[in-house]
Amino acid sequence: MKQKRILTIQDYSCLGRCSLTVALPVISACGIECVGIPTAVLSNHTAGFASWTYADLTEYLLPTVDHWQDYNHEFDAIYTGYLGTDQISIVLEIIHRLAKEGTTVLVDPAFADSGKLYPGFDHRHVEMMKRLVGESDIVVPNLTEACFLLGKDPEGHYGRKDFEGFLIGLTDLGPEEAVLSGLSFDNDEVGCLMYSKKTGRFSSYMTESYRGAYHGTGDLFASSLVAAKVAGFSLEEAVCIAHDFVHLSIGKTLEDKEPDLYYGVEFEKALPALVHAVASKGTKE
Ligand code: PXL
């Protein structure tokens, strides 16, 4: 069988286990080729660290894709993560040029968490991100991002009915499917709620919660979800695989006596379980 290939467009933060330093190993471990276009190189991510250095690669995005014209690159999925505001229209153009029938476009909005926008982002970023979400097949925001995208209070308190309304609102922006991750309906559980426009069905997947906020877990979730989808799992199955992977990664991190949470979670220790879960597709069929 032809090897599957995913294109991902997001930054490379050297320290902090997020964006490309997560997407590349996670997708590769699943046996899928991961083609990464770096949008910028940062010394470290911008959440928690007091400062960072930054080399902007906006100018390099379209020439990279122009250069590919002479080759017949087809992508099973295009997956976008953290982007600069002025990069979003370029990424839209890249999607228009490279997405063919059968290419799944997955957008992780990656611009906010814990009720707040990441440093450097404002209302214009949210508006541009809405356009990108509009071109996606699957959108995977956290609750804060969903609130910003839908004009809801990102620091409000919400329950399951509200989350269902948010998922419908997200699919009204364009995508067929939406997943909210990191949700709690009660304090002891954490998980995901998803919605498919085609079937009109909601489904959820919950496990016990470790509580607390863990940086980079949204990127781990999106990377493992897109890999599982491309490997042939349904959205419901892929969400379970991705959630279990993130959950195990946090568990492994907390086994560490002195975890330094600025640096993300120790997902490397959970990769064997992810590989096993994704490989089970071949044995089920
Ligand atoms: O994990 C999302 C992310 C990606 N890239 C950079 C970030 C963040 C979150 O803060 O700062 C540079």
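**View A. Asn142 in the loop between β8 and α5.** In this predicted model, Asn142 sits in the loop that links β8 (138–139) to α5 (143–150); helices (H or I, at least four residues) and strands (E, at least two) are DSSP runs, numbered from the N terminus. Asn142 has a relative accessible area of 16% and is therefore buried (under 20% relative accessible area; exposed is over 50%, partly exposed in between; 1.4 Å probe, protein chains only). Its side chain comes to 3.1 Å from the backbone nitrogen of Thr144, a polar contact (a pair of N or O atoms within 3.5 Å; within protein, one must be able to donate a hydrogen and the other to accept it, and residues adjacent in sequence count only if both atoms are side-chain atoms). Residue numbers start from 1 along each chain as its sequence is written, and side-chain values use heavy atoms, with hydrogens and water left out. As the model is a prediction, local features need pLDDT of at least 70 and side-chain atom pairs pLDDT 80 or more, while totals for chains, interfaces and linings use all residues.

**View B. The open sheet and its edges.** The sheet has 9 strands in the order β3-β2-β1-β4-β5-β8-β9-β10-β11, with mixed pairing (two strands pair if DSSP finds at least two bridges between them). The edge strands β3 (54–56) and β11 (201–208) each have a single partner strand, so one side of each lacks a neighbour in the sheet.

**View C. Strand β4 and its neighbours.** Strand β4 (residues 77–80) runs parallel to β5 (residues 104–107), joined by 4 bridges, and Ala77 stands opposite Thr104. From β4 the chain passes through helix α3 (residues 88–98) to β5 in a right-handed β-α-β crossover (with the strands pointing away from the viewer, the path from the first strand over the helix to the second runs clockwise). Strand β1 (residues 5–15) is also parallel to β4, with 4 bridges; Thr8 faces Tyr79 there. Ala77 and Tyr79 point one way from β4, Ile78 and Thr80 the other, and all are buried.

**View D. The ligand and its shell.** Residues around the ligand include Asp11, Ser19, Tyr118, His215 and Asp219 (a heavy atom within 4 Å). Polar side-chain atoms of Asp11 and Ser19 lie 2.9 Å and 3.4 Å from a nitrogen atom of the ligand, respectively. A ligand oxygen atom is 2.9 Å from a side-chain N or O atom of Asp219. The protein buries 98% of the 320 Å² that the ligand exposes when taken alone (Shrake-Rupley method, 1.4 Å probe).
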